[in-house]
Amino acid sequence: MLACATETLARRMAGAVLPPLPVRRGGCVVAADGAILEAIGIAGPVGSRVSIGIAGLAGEIIGFRDGRALLMGLAPLAGIAPGALVLPDAHDGAIAVGDALLGRVIDGLGRPLDGLPRPQCATRLPATPLPLAPHARARVTQPLVTGVRALDALLSLGAGQRVGIMAGTGVGKSVLLGQIARWARADVVVMALIGERSREISDFIDTELVGPARDRTVTVAVPAADAMLCRVRGAQAAMTIAEWFRSQGRQVLLILDSLSRVVHGAREVAMARGEPAGARGFPPSALQLVADLAERAGGDRRSGGAITLVATVLAESDDRADPVVDAARGVMDGHVLLSRRLAGRGQFPAIDLIASASRVMPDIAAPAHLAAATRFRRMLALAEENRDLVLMGAYAPGSDPELDLALALQPALTAFLMQDRATRADAADSIATLIELTAPLEGTA
């Protein structure tokens, strides 16, 4: 009887099919130095995501040293002890993309911040794909209407352009970005709020992204309290989301606020892995990130879609020689400088027209429009250059007829540049008013 039972058990065991057990090769934490963890036994390229400890805290491989992997947290790494288990992340940093993101607020890792369930997206894309090849890029030939009079008439932006808004703090940058986000003629707006205080993020969403603008906007928010590495990954995630919408043939406006804080995050990561510092303490890889992000924008000949990038750059203490400002000027197709001096006079938006430029305006503006903008700029510059002379009473009217004309028109020119935050300007009306305003100046430019 025992032999029969043994034979029956043997037959059942022989016929049983056991599924293969999943095998995940992991490692363990052996050292910590500030924001950096060192681990052995974990294999993966730089940029690979890992989960650390029992809680599965998100981290990333940022480099290697003496046979050990250098890990930086994408979240606070409190409670991590020597020997903590390190496992590769299944998603490995891929970004979920799709229409389900419209109207949502997510963080740099795709997690919802608006209290709603995680967006259900069937497609995942790498965070750092190759940029478009030069021959695959479309030329910038069509204007992008923003609803801001000074931009549409005097610094016309094009679909697929890359423009930097250079500004210090407290000069109306957020209000201008809100106007552009609400009124720009784009199919999709991707708003990346990187390194802002949590209160400012919620205020911007509740006050600036209102009405129909909210439904076409994807907001990627990385609060200032998040890990420095999250700033870089948040910007890359926003760019990847914008690229997916572009591949669907849509016109995308990507607003990155701010590029400076993204570069500051990249600087901390580079210095943590031992990269030598360069200009003003910025390692080369941190400043290279400016070009990497800018090159991912632009038009796609195949799909017909385009990404117009509007990135803010913080000019700390209004220092225009800041390395990030210089790097942005070198790769952008234009720049808009917001002036604290003009903001102090009550001029909003405080755009310093003389110090600003749009490199694509000659390609997208009609000849009459371009000539009127040139005349406007000349008269404004002439009045500003002689402002102190006039205020001191050192200028005698009649000495220079052109300057007399500029001074007479200065109130009208300044009024043209000003715009209430709640009033949308029609682009055609703005251009017509510009041509009419500068008609008496024809032949002076």
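Modeller: A residue is called buried when its relative accessible area is under 20%, exposed when that area is over 50%, and partly exposed in between, using a 1.4 Å probe and protein chains only. This is a predicted model, where local features need pLDDT of at least 70 and side-chain atom pairs count only at pLDDT 80 or more, while totals for chains, interfaces and linings use all residues. Residues are numbered from 1 along each chain as its sequence is written, and side-chain values use heavy atoms, with hydrogens and water left out.

Biologist: Okay, let's try that on R273. Which class does R273 fall into?

Modeller: R273 is partly exposed, at 31% relative accessibility. R273 also forms a salt bridge with E275, with 3.7 Å between the closest N and O atoms.

Biologist: And what counts as a salt bridge here? How many are there?

Modeller: The rule is a side-chain nitrogen of Lys or Arg within 4 Å of a carboxyl oxygen of Asp or Glu. Applying it gives 23 salt bridges. One of them joins R199 and D203, at 2.8 Å from N to O.

Biologist: Where do R199 and D203 sit in the chain?

Modeller: First, the naming: helices (H or I, at least four residues) and strands (E, at least two) are DSSP runs, numbered from the N terminus. R199 and D203 both lie in helix α4 (residues 198-207); they are 4 residues apart, so about one helical turn separates them. R199 is exposed, at 52% relative accessible area, while D203 is partly exposed at 33%.

Biologist: What about a bridge between distant parts of the chain?

Modeller: Take E384 and R341, whose closest N and O atoms are 3.4 Å apart. E384 belongs to helix α12 (residues 367-385) and R341 to helix α10 (residues 340-344), with the two positions 43 residues apart in the chain numbering. E384 is partly exposed at 24%, and R341 is partly exposed at 40%. Elsewhere, R137, R162, E295 and D333 are joined into one network by salt bridges that share partners.

Biologist: Now cysteines. How many disulfides are there?

Modeller: The general idea is that a disulfide is a covalent bond between the sulfur atoms of two cysteines. The test is a pair of cysteine sulfur atoms within 2.5 Å, and a search of the whole structure finds 0. For C230, the nearest cysteine sulfur is that of C121, 19 Å away. C230 is buried, at 5% relative accessibility.

Biologist: Let's do helices. How does the reach of α7 compare with what is expected?

Modeller: The expected span is 1.5 Å times one less than the number of residues. Helix α7 (residues 259-272) has 14 residues and reaches 20 Å from its first C-alpha to its last, close to the expected 20 Å. In α7, 10 of the 14 residues are buried, so the helix is largely enclosed by the rest of the structure. Among them are L259, V262, V263 and V269, along with R261 and H264. After α7 comes G274, with a positive phi near 95 degrees.

Biologist: And the strands: in what order does the barrel run?

Modeller: Two strands pair if DSSP finds at least two bridges between them. Here a closed barrel of 6 strands runs β1-β2-β5-β4-β3-β6, with antiparallel pairing. On average, neighbouring strands of this sheet are turned by 45 degrees against each other, direction ignored.

Biologist: Which strands does β1 pair with?

Modeller: Strand β1 (residues 27-33) pairs antiparallel with strand β6 (residues 85-88) over 2 bridges, and C28 stands opposite L85 there. C28 is partly exposed, at 24%. With strand β2 (residues 36-40), β1 pairs antiparallel over 5 bridges, and V29 has A39 as its bridge partner. The hairpin of β1 and β2 has 2 residues between the strands, and G34 takes a positive phi near 65 degrees in it.

Biologist: Which helix packs on the sheet?

Modeller: Let me start with the strands underneath: β3 (residues 49-52) and β4 (residues 57-65) pair antiparallel over 4 bridges, with S51 opposite A58. Helix α6 (residues 228-247) packs on the sheet and touches β3, β4 and β5 (68-73), where contact means heavy atoms within 4.5 Å. The direction of α6 makes about 95 degrees with that of β4. Axes are lines fitted to C-alpha atoms, for helices over the stretch in contact, and angles run from 0 to 180 degrees between N-to-C directions.
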